[in-house]
Structures are given as structure tokens and as C-alpha cells.
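Good morning. I have one protein to show you, so please look at the sequence and the structure for a moment before I start.

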Amino acid sequence: MRNSDPKDDIAPELAACSAALAANGFKAYCTKTVAEAARLILDELVPAIAPQSAAWGDSMTLQATGVIEALLADPNIDLIRTFDDMVSGRRSSNGGAGRF
């Protein structure tokens, strides 16, 4: 996905966090800007994974990047609205037009 190591251009704290996640079996990605994070998620990771459903924790990153709104608008992804008061395993099965 990327030709150079993005950890070369990020803060040492983020590089250390990324390395710790990798050491524990996680794939970690670092970007310099919110726009780059959105592109990475929406243009590379989501298409590579091709999820049928998705959910999220309370992620300020996903909110700041616009990723949640993009996933809500995607009719191919059944987005589980985890913060909906009515959620008890409910999913937005209305063509991606779910609400928070």
C-alpha cells in the first residue's frame, strides 16, 4: 500500500505506539494529516477488506476524517450504530442511510 515507511515522518510517540501495536500482532498505520488518514481508510483499507458490516468505538479520528459518514452512505456496508440508544444488535439495513 505504501512505498516508504510512514513512521519516518511522524512524531516519536506515534512511532513508538505503532511499533508496540505491531509487536502485539496489530497492523498500525500512521499518516501526517487527517485528509491522508481518510484517504488511507476509504481508498485503501476499506476496499482491501471489503466489509459487509462494520462498527466503531468512540473514535475521534473516524469522526474527524469523515469516515463514519462515508460508511453510513455506503449501501454495501451494514453499519452497526453502536451509540444509538435503541441498539441491541440493530444495524442500519436501510441501504447505508443509518443514523447515529
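How far is the sulfur of Cys17 from the closest cysteine sulfur? The answer is 7.5 Å, and that closest sulfur belongs to Cys30. A disulfide needs two cysteine sulfur atoms within 2.5 Å, so the sulfur of Cys17 is too far away for a bond. Starting from Cys30 gives the matching result: the closest cysteine sulfur is in Cys17, at 7.5 Å. The count for the protein is zero disulfides. The surroundings of each cysteine can be put in a word. Cys17 is partly exposed, at 42% relative accessible area, while Cys30 is buried, at 11%.

I should say at once that this is a predicted model, and the values I quote are computed from it.

Now the overall layout. The protein has four helices and two strands. Going along the sequence, the order is α-α-β-α-α-β. There are 100 residues, and 26% of them count as buried. About 6,800 Å² is exposed, with 54% of that area supplied by carbon and sulfur atoms. If you take contacts between residues at least 6 apart in sequence, 49% of them join residues at least 24 apart.

Next, helix H1, residues 12-23. Here we can check a length. With twelve residues at 1.5 Å a residue, H1 should span 16 Å, and its end C-alpha atoms are 16 Å apart, so the two values agree. After H1 comes Gly25, with a positive phi near 85°.

Another positive phi turns up at Ala50, near 50°, and this residue is not a glycine. As background, most residues other than glycine have a negative phi. Ala50 sits in the loop between H2 and strand S1, which covers 53-54. With a relative accessibility of 54%, Ala50 counts as exposed.

On to the inside. Which residues make up the largest nonpolar core? There are twelve, namely Leu40, Ile41, Leu45, Val46, Ala54, Trp56, Val67, Ile68, Leu71, Leu72, Ile77 and Leu79. Helix H2 (34-49) and helix H4 (67-73) are the elements that give two or more residues to this core. Take Leu71 as an example. Setting aside neighbours within four places in sequence, Leu71 is in contact with Val46, Ile77 and Leu79.

Last, two residues of helix H3, which runs over residues 60-65. Is Thr65 buried or exposed? Thr65 is buried, because its relative accessible area is 14% and the cut-off for buried is under 20%. The Thr65 side chain reaches the backbone nitrogen of Val67 at 3.3 Å. Apart from neighbours within four places in sequence, Thr65 is in contact with Val34, Ala37 and Ala38.

Gln63 is also in H3. At 39% relative accessible area, Gln63 is partly exposed. Not counting residues up to four places away in sequence, Gln63 touches Asp58, Ile68 and Glu69.

To go back to where we began: the sulfur atoms of Cys17 and Cys30 are 7.5 Å apart, too far for a bond. That is all I have.

Notes:
Residues numbered from 1 in each chain as written. Predicted model: local features only at pLDDT ≥ 70, side-chain atom pairs only at ≥ 80, totals over all residues. Heavy atoms only, no water. Buried < 20%, exposed > 50% of the residue type's maximum accessible area, 1.4 Å probe, protein only. Contact = heavy atoms within 4.5 Å. Areas by Shrake-Rupley, 256 points an atom, 1.4 Å probe, with all protein chains shown as cover. Polar contact = N/O pair within 3.5 Å; in protein donor to acceptor, adjacent residues only side chain to side chain. Expected span 1.5 Å × (residues − 1). Core = buried A, V, L, I, M, F, W, Y, C linked by side-chain atoms within 4.5 Å.
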